[in-house]
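The report below takes up the packing of the chain interior, then the sheet, and ends with totals for the whole chain.

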Amino acid sequence: MSWGTELWDQFDNLEKHTQWGIDVLEKYIKFVKERTEIELSYAKQLRNLSKKYQPKKNSKEEDEYKYTSCKAFLSTLNEMNDYAGQHELISENMTAQIMVDLARYVQELKQERKSNFHDGRKAQQHIETCWKQLEASKRRFERDCKEADRAQQYFEKMDADINVTKADVEKARQQAQVRHQMAEDSKADYSSVLQKFNQEQHAYYHAHIPGIFQKIQEMEERRIVRLGESMKMYAEVDRQVMPIIGKCLDGIVKAAESIDQKNDSQLVVEAYKSGFEPPGDVEFEDYSQPMQRAVSDHSLSSSRGEGKAEPKFAGKSKGKLWPFIKKNKGATPEDFSNLPPEQRRKKLQQKVDELNKDIQKEVDQRDAITKMKDVYLRNPQMGDPASLDHKLAEVSHNIEKLRLEAQKFEAWLAEVEGRLPARRQSGLYDSQTAPAVNNCVQDRESPDGSYTEEQSQESEAKVLAPDFDDEFDDEEPLPAIGTCKALYTFEGQNEGTISVAEGETLYVIEEDKGDGWTRIRRSEDEEGYVPTSYVQVYLDKNAKGAKTYI
């Protein structure tokens, strides 16, 4: 089967068919391109979906991912991210291995097709030219034959006429011979042109056109084979990523199988365990006896009393958390006293760990500055050692500040864990915990909802005040025993403290008793505690009994 022999007369149809073949290739390229765009869009949507549900850093969501079910979900998100990467790879491979290759091949195919059909048209034009030459030679031969016949008839007529002179007859005879010779020449030329045309026509239909059509047929068959190979590659690109996609899906299954419901239940216990004991039986209160009824410790109203808070609330709560107690919706106390014991211990331990990390960072920074200062001392040309003094003092101040903060939280932690029988009522600690104590009182509410704000305020009035306030209730102000200069600005936001500005000079009325606080006075009505590390103290023994105010 050959197009050259079977389709020798279908030049125009073959031209249309081969153009259609190129259009099919270009359509397939467009199809692959749209598939790559879909893969990229799908991969992008998968990545956005995975990112959308990833836990946000430093948010409450991060705590949720300690549960195995949430860990499995996080693994699923990560696997989906990898899954999206495989779809991006499909797009890249289809673009490189199919689209680019086919686009280049289509350009080559167009050039080859153009060349083949150009040769075909050239052969057509040549045979048409030969045919025109044959037609012209044939018409000339026909015309000369007719002229020769007319000349012969004219000669015979003149020869038969007796009235015509012999010269006229001779002239007619010569004219007839000339016409006859022209006819013979035209006949010979026509025969030659006809023979040449037949040769050209035979070559056209049996050599030129079959050869050209054979090339076109081979070109078209190569196009078909190339399209089939591209379709195979299309499937192979998908097949190449299937093992990785399978691993992603296996990862999701493995993550799902790692879910441990018992472990998650235990984590719920650890997260929400209060540490309180369940309330005991409610005692019978006999109203038939004419006696003053005492509120039972086991009564739900024990937290209210009669609007009076017991002094031991100043240290910590009674240790009972009733199911009816509402949580404080205000600001969280610094010592987390609004939380149940177990949760409070965890929060305090977490805070202590954070402060210890911060202290270690500052210590490392101080050591580095100290080493640098030593280098400057040994090699003055490298820098001025005095330029590091301010930075070193600042870091040392930060360390002292963090250590005081850590000691405060460690004391609260020790109290919760039962290591300390009672907390020392110093200004450092109680000034911070006084609001928390009040919160504990405010948080208690009876089951019937009869607890009122007035009762809360009355209870607050009964709570023991911090030591700072007790000390300031002295009738006679303490005498100044020296002066001090504020090294740093201190914002005294807690009860019993006083705010000072850097460089301010004040009077000292009580030295540091080992708790890190010094009692100072600005005026007769303004006195309080400041951290000892924030001031430079100058004691004056002679001024011990003096009462001088700024």
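## Nonpolar cores

In this predicted model, the largest nonpolar core (buried Ala, Val, Leu, Ile, Met, Phe, Trp, Tyr and Cys residues joined through side-chain atoms within 4.5 Å; buried means under 20% relative accessible area with a 1.4 Å probe, protein chains only) has 40 residues, and those with the most contacts inside it are Leu25, Tyr28, Val32, Met94, Ile98, Phe213 and Ile216. Two or more residues each come from α2 (11–52), α4 (68–160) and α5 (166–257), where helices are DSSP runs of H or I with at least four residues, numbered from the N terminus.

Leaving aside residues up to four places away in sequence, Ile98 touches Tyr28, Val32, Asn93, Ser230, Met233 and Tyr234, contact being heavy atoms within 4.5 Å. A second, separate core of 17 residues includes Leu348, Ile369, Ile399 and Leu402.

## The sheet

Five strands (DSSP runs of E, at least two residues) form an open sheet in the order β4-β3-β2-β1-β5, with antiparallel pairing, a pair requiring at least two DSSP bridges. Because β4 (526–531) and β5 (535–539) stand at the edges with a single partner strand each, one side of each is left without a neighbour in the sheet.

Strand β1 (residues 482–486) runs antiparallel to β5 and is joined to it by five bridges; Lys485 stands opposite Gln536 in β5.

## Whole chain and basis

The chain holds 11 helices and five strands, and buried residues make up 34% of its 550 residues.

Residues are numbered from 1 along each chain as its sequence is written. Local features need pLDDT of at least 70 and side-chain atom pairs pLDDT 80 or more, while totals for chains, interfaces and linings use all residues, and side-chain values use heavy atoms, without hydrogens and water.

Key
Buried means under 20% relative accessible area, exposed over 50%, partly exposed in between (1.4 Å probe, protein chains only).
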